[in-house]
Amino acid sequence: MSASITAVADLSDRSIMGDDRLVRTSRMAYVVAVISLIAAAFVAWKQNDPHGLAMIWLQNGIFVLTLSLGAFFFVMIQHITNAGWAVAIRRIAEAQAANLTWIWVLFLVPMFWLLITNREWNGFGHGLAIIWPWADMAYLTEHSPAEGAIVAQKTAFLNPTFFMIRACFYFAFWALATRWFLSTSRRQDQTGDATLSTKMRYAAAPCLILFALTSTFAAVDWIMSLSPAWFSTMFGIYFFAGTCAGGFSIIAIGCLRLQAMGYLRGVITAEHYQDIGKMIWAFGIVFWAYIAFSQYMLIWYGNLPEETVWFLARQVGDWAWVSVALLLGHFIIPFLFFISRWMKRWRGTLAFGALWMLAFSWIDIYWLVMPVVPHDVATFTTYDALAAAYATTSTGLGNPLNYLMLVGFIGLSIGSATGRLSRGSVLCRRDPRLNESLQFENI
Amino acid sequence: MTTFSPQTQTSSPSPSPKSSLLPLYGMMAEFETPAQIMEAAKKVNAAGYRFWDCHVPFPVHGLDKAMGIKRTILPLLVFGAGMTGTIVGFCLQAFTNAASFSIWALVWVTGYPFLISGKPLMSVPAWIPIIFELTILLSALSAVGLMFLMNGLPRLSHPLLSNIRFRRATDDRFFIVIESRDPKFLRSKTEAFMKTLGAKHIEVVEDR
């Protein structure tokens, strides 16, 4: 329908080929990242708190992981639905997802290091148990026998060896799959071979199944097993909903930044922005809230002590404020903010909303990872007594190490993704559905 | 190709003598491509007609804009209906769980306070599913219902459906119909105007 073209897409090299503009951005991000990480190392050395450092490391690592996992999911869902509209923005998601080819360094290296070291750490135990209590059953049983007795039945699954094998499998799958999707898409840039689109569509189906399994198990392994006696069958999907909030937001911000730098002029239009906004709204805000509430309500209604302790840890002291902030900031405020189509179409409001969602998906991960279930919880007779005893529990949000690590990891992530974009086209320029995407309009 | 072939007609309006007794519904112009109807729609809009419409066999992107159609207020109404559901859901449960409730300052009404697993009577988490469902229910019903209402549906018949040529609107032709109730409609003038649109065929539609 030639009559409907409103803005002419600029498909010149200056507009769609990565060049020194992106290289500069990439270098800048790396420089910021390195400075932050050096500062973080200094602060960590001053604080001399290996447990705190490990937790902050894990939390920020998982946060940048979710950004790439969300982008990976985005790429696969567009392929499997044979979506035409997303062709104009798919490369950005592919480049972001391809961060999964190296993110394992942030996880596996420290994990292996913790695994092989056997030193005493601040009297807290040793090795992996510095974060995951099940890794040192002797210590756990000695210090909290009730929890130890429950966790002892889970050691067939939760033991360091199997844990590392699983982690390697997740990372291997993510790295290989995202690499394949990016390189196949790039091969199409060169050859224009339409069968590659079909190939990617076929591959997306098994990859989505594996993605669901690996992201669920990763969430269980790395986050849920921080409180090894606790369990929730909703946990994996809660984590997945969170990855969508962060991943789709970073795609929106990536598109906005690239256009501000002079790329993709007329290629990405308000129509595409509206659809990214819809996906943030549907997956990252509404679906997240739906799942979060489902998890909360089942545990609240069942009222079983071994389940409720997890939420207890999140409503004593300052954590209550974080929980309320999450409800407001991750659901109610952005729900109303993004409900109108114009808020998704205007660049300013979309950028604000996406940055807001990024901030709150960071807080969401923080809320998942950081709170510690009180070990003496069974000694209290009433909730009020426990709440009073833990009224001064700090969230640790004031610790600058959080933010230095965050900037460092995000910087590495952005530097890597933009560097990847600079080495090729920033548009799937010979995808057979490109024209459909350029002329895409919401009805 | 199409199995339906209309009988040969001239390009001028050709109401049969019998039908001229019937009231006039409007004038219909037939186009062969989306691009043509897009151009024509812009001109009809610019000419200031209000009661007119385009009939196309598939969605033509940008046609709404060319016709100068304002965005529907349906989303706002649906939002209002959804919020009504939220409030009704909340009040319904607050009311029915209340131990005693002064209603209209005259009558004491007792709700049905029922203790469930030691939860407080007024426990909002337990109410959320009902509130959620009522929000969705009222939103969905109002979206569908108001869409029908605002489109004037359902209706059993429409003058255009009696027109033989118009049948191709579901196949391969694009129609613009200007209704006779339009304040600017004047049979001779509108006909002359429609001839400037580049239509393949122009015809009078009777209000059968």
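1. The expected span of a helix is taken as 1.5 Å times one less than its number of residues, and that is the yardstick for the opening point of this note, which concerns a predicted model. Helix α3 of chain A covers residues 50-80, and its 31 residues should therefore span 45 Å at 1.5 Å a residue. The C-alpha atoms at the two ends of α3(A) lie 44 Å apart, a value that agrees with the expectation.

2. How many of the 31 residues of α3(A) are buried? The count is 26, so that the helix is mostly covered, where buried means under 20% relative accessible area. Just after α3(A), the backbone at N82(A) takes a positive phi of about 55°.

3. In chain B, helix α3 runs over residues 74-97 and includes Q93(B). Is this glutamine, Q93(B), buried or exposed? With a relative accessible area of 9%, Q93(B) falls under the 20% cut-off and therefore counts as buried. Leaving aside residues up to four places away in sequence, Q93(B) touches A126(B), W127(B), I130(B) and I131(B). By contrast with these contacts, the C-alpha atoms of Q93(B) and K42(B) are separated by 53 Å, the two residues being 51 residues apart along the chain.

4. Strand β6 of chain B, residues 201-206, is mostly covered, with six of its six residues buried. The burial applies to both faces of the strand: H201(B), E203(B) and V205(B) are buried on one side, while I202(B), V204(B) and E206(B) are buried on the other. A reader checking this strand may wish to note that the two glutamates, E203(B) and E206(B), are among the buried residues and belong to opposite sides.

5. The pairing of β6(B) is with strand β1 of chain B, residues 24-31, in the antiparallel sense and over six bridges. Within this pairing, M27(B) has V204(B) as its bridge partner in β6(B), and V204(B) is itself one of the buried residues of that strand.

6. The last point is the interface of chain A and chain B, to which chain A gives 17 residues and chain B gives 20 residues. About 1600 Å² is buried between the two chains, and carbon and sulfur atoms give 76% of that area. Across this interface the rule finds zero salt bridges, and it finds two residue pairs in polar contact, both at pLDDT 80 or more. On the side of chain A that touches chain B, the elements giving two or more residues are α11 (270-302) and α14 (341-345) of chain A. The largest share of that side, six residues, comes from α11(A).

Definitions and conventions
Residues numbered from 1 in each chain as written. Chains lettered and ligands numbered in written order. Predicted model: local features only at pLDDT ≥ 70, side-chain atom pairs only at ≥ 80, totals over all residues. Heavy atoms only, no water. Buried < 20%, exposed > 50% of the residue type's maximum accessible area, 1.4 Å probe, protein only. Helix = DSSP H or I, 4+ residues; strand = E, 2+ residues; numbered from the N terminus. Pairing = 2+ DSSP bridges. Contact = heavy atoms within 4.5 Å. Buried area = accessible area lost by both parts, 1.4 Å probe. Salt bridge = Lys/Arg side-chain N within 4 Å of Asp/Glu carboxyl O. Polar contact = N/O pair within 3.5 Å; in protein donor to acceptor, adjacent residues only side chain to side chain.
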